[in-house]
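Got the viewer open? Load the structure and follow along, selection by selection.

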Amino acid sequence: MGLGGCIILIAVGAILTFATDWDMQGVNLDLVGIILMIVGLIGVSTFSSIARRRRGVPPPTTTVVEERHHTRDGYSDGYGV
């Protein structure tokens with residue numbers, strides 16, 4: 001289920017909870033709407049965390065050059081015994 005499906009679940013749940021006054025025997029439509037909204041919110045949070053993990057960091061497009069500075073102390077280069 002993608003992001004669109006999660007948003008549809010939230011919308012249908014909100015419609016059932018806040019915009020209807022139907023009465024069905026044995027079914028509490030307000031509770032069904034709240035459950036749909038919660039499932040939609042869980043889906044949105046799961047989808048966003050997975051999408052964030054997949055995105056990753058692209059490799060740099062520029063070349064990195066490290067400069068090393070050599071200092072001669074007379075001992076480590078083999079000239080001064």
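Select Thr17 first and show what surrounds it: skipping its neighbours within four places in sequence, Thr17 is in contact (heavy atoms within 4.5 Å) with Asp30, Gly33, Ile34 and Met37. This is a predicted model, in which local features need pLDDT of at least 70 and side-chain atom pairs need pLDDT 80 or more, while totals for chains, interfaces and linings use all residues. Numbering starts from 1 along each chain as its sequence is written, and side-chain values use heavy atoms, with hydrogens and water left out.

Stay on Thr17 and pull up its polar contacts (N or O pairs within 3.5 Å, one able to donate a hydrogen and the other to accept it; residues adjacent in sequence count only if both atoms are side-chain atoms). A polar atom of its side chain sits 3.4 Å from the backbone oxygen of Asp30, and the Thr17 side chain also reaches the backbone nitrogen of Ile34 at 3.3 Å.

Is Thr17 buried or exposed? Its relative accessibility is 13%, so Thr17 counts as buried (under 20% relative accessible area, by a 1.4 Å probe with protein chains only; exposed is over 50%, partly exposed in between).

Now colour by secondary structure. Thr17 belongs to helix α1, as does Ile7; the helix covers residues 3-19. Helices here are DSSP runs of H or I with at least four residues, strands are E runs of at least two, and numbering goes from the N terminus. The protein chain has two helices and zero strands.

Finally, zoom out to the whole chain. Of its 81 residues, 12% are buried. Among contacts between residues at least 6 apart in sequence, 47% join residues at least 24 apart.
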